[in-house]
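Hi everyone, thanks for coming. Let me put the structure up, and then we'll walk through it together.

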Amino acid sequence: MMTDLPPILLVGGGKMGSAMLAGWREQGLASAIVVDPSAQAAGLAGPGVVVVPSFGVIPAGFTPEAVVLAVKPQMAAEALPAYGRFAGRAVFISIMAGKTMRAVEHMLGTKASIIRAMPNTPAAVRQGFTVAVAGAHVSATQRKLGERLLSAIGQIAWTDDEALLDPVTAISGGGPAYVFLLTELMEQAALAQGIPPAMARAMARQTVIGSGALLAASSEDAAALRIAVTSPGGTTERALAVLRDDNAWPKSFAEAITAATERSRELSD
Ligand SMILES: NC(=O)c1ccc[n+]([C@@H]2O[C@H](COP(=O)([O-])OP(=O)(O)OC[C@H]3O[C@@H](n4cnc5c(N)ncnc54)[C@H](OP(=O)(O)O)[C@@H]3O)[C@@H](O)[C@H]2O)c1
C-alpha cells in the first residue's frame, strides 16, 4: 500500500508548481506548505495544504523532507538563499530551467542535497517527461523521495550527466510547443484546402490527440506506426516525400534542436 508523502515545501505555486501539487495530492499528500505571493496561489490551499506569501511566515517547526523550487529562474537569487536553512534533512528539487546544480548549491549552501530536474508542461495532466540529476549529497532515501515526487507528474528518467539537460530542455522541455505548432499548421493547411474552420480545428486537434493515444497504446516504434499509415503509391506517401526530403523536416528539426540546445547553454548559470 502506498504511504502518504512526507511534509513538502513548495516554493512557487505557478503552472509547474500547481501541477506537481495536484500529482502529489493523488499520491496521498499529508501536509504541504506552498510559498507564493500571487493571488491565484491562495486557491491551492486545501486539506493539509497551507499557502503562505513568503518565506518569513512559514510556520516555525515545519520540517519538510522535500523542498521543491519552482519559481522563475530570475527570482532565484533573491528568493532562495533563505531556504538553505532546511539543508541537511530535506532534499531540494529544483525544476528551474538553466539553473545549474552549482548555481543552486551556491544559493543554498554547498552541502545541500539537490536534485535538478527538467519537466515539461504535460505534467499538468500527469503525462509529463522529466529528466533528473542527483547531486553528490543526495542519499538513496532522498533520491527515492525525489523519484516519487517527480513521477507523480509523469515519467521520469535519471542521468548522471548534467550537461544533457541542455538537449533535454530543447527536446522534451520545448517538445510540446513543436507538437502544438504541428497542430496549428495542420489546421491552417486544412483551411487552405477549403475545409470549414470548425472542422479544420477539430480535425487537427483530434488527429494529434488520437495519434498520441495510439502511440501510448502501442508497443510499436513511431516509425512502424508511420509505415502502417503509408500505403505504397498512396496519398500519405506523397506528403511524406515532401516532409522527409533532406532539406525539409529532418534538416530543420535537427537545426531547431541544435539552436534550442545552444540557447539553453547560453542561459545557464
Ligand atoms: N513551463 C514550463 O514548460 C517549464 C518546464 C520546465 C521547467 N520549468 C521551470 O519551472 C519553474 C516555474 O515555471 P512556471 O511556468 O510554473 O512559472 P509561473 O507560472 O510563473 O510560476 C512561478 C510562481 O512563483 C511565484 N513567485 C514569485 N516570486 C516568488 C517568491 N519569492 N517565492 C515564492 N513564489 C514566488 C509566482 O508568483 P507571481 O506570478 O506573483 O510572480 C508564480 O506564481 C521555472 O523555473 C521554469 O524554468 C518550466
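Let's begin at the ligand, where a backbone N or O atom of methionine 16 lies 2.8 Å from one of the ligand's oxygen atoms. I'm calling that a polar contact, a pair of N or O atoms within 3.5 Å. Before going on: this is a predicted model, where local features need pLDDT of at least 70, side-chain atom pairs count only at pLDDT 80 or more, and totals for chains, interfaces and linings use all residues. Residues are numbered from 1 along each chain as its sequence is written, and side-chain values use heavy atoms, with hydrogens and water left out.

Two side chains also reach ligand oxygens: a polar atom of aspartate 36 at 2.7 Å, and one of lysine 72 at 3.4 Å. How much of the ligand does the protein bury? Alone, the ligand exposes 890 Å², and 76% of that is buried by the protein; these accessible areas come from the Shrake-Rupley method with a 1.4 Å probe. Around the ligand sit 21 residues, with Lys15, Met16, Asp36, Val71 and Ala97 the closest; to count, a residue needs a heavy atom within 4 Å.

Now, the helices, which are DSSP runs of H or I, at least four residues, numbered from the N terminus. Helix 5 (residues 165–173) packs on helix 6 (residues 175–192) at about 30 degrees, axes 5 Å apart. Axes are lines fitted to C-alpha atoms over the stretch in contact, and angles run from 0 to 180 degrees between N-to-C directions.

Helix 6 also packs with helix 7 (residues 197–217), at about 145 degrees with axes 8 Å apart. Among the residues meeting there are Met186 and Glu187 of helix 6 and Arg201 and Met203 of helix 7, where contact means heavy atoms within 4.5 Å.

Notes: Helices (H or I, at least four residues) and strands (E, at least two) are DSSP runs, numbered from the N terminus. A polar contact is a pair of N or O atoms within 3.5 Å; within protein, one must be able to donate a hydrogen and the other to accept it, and residues adjacent in sequence count only if both atoms are side-chain atoms.
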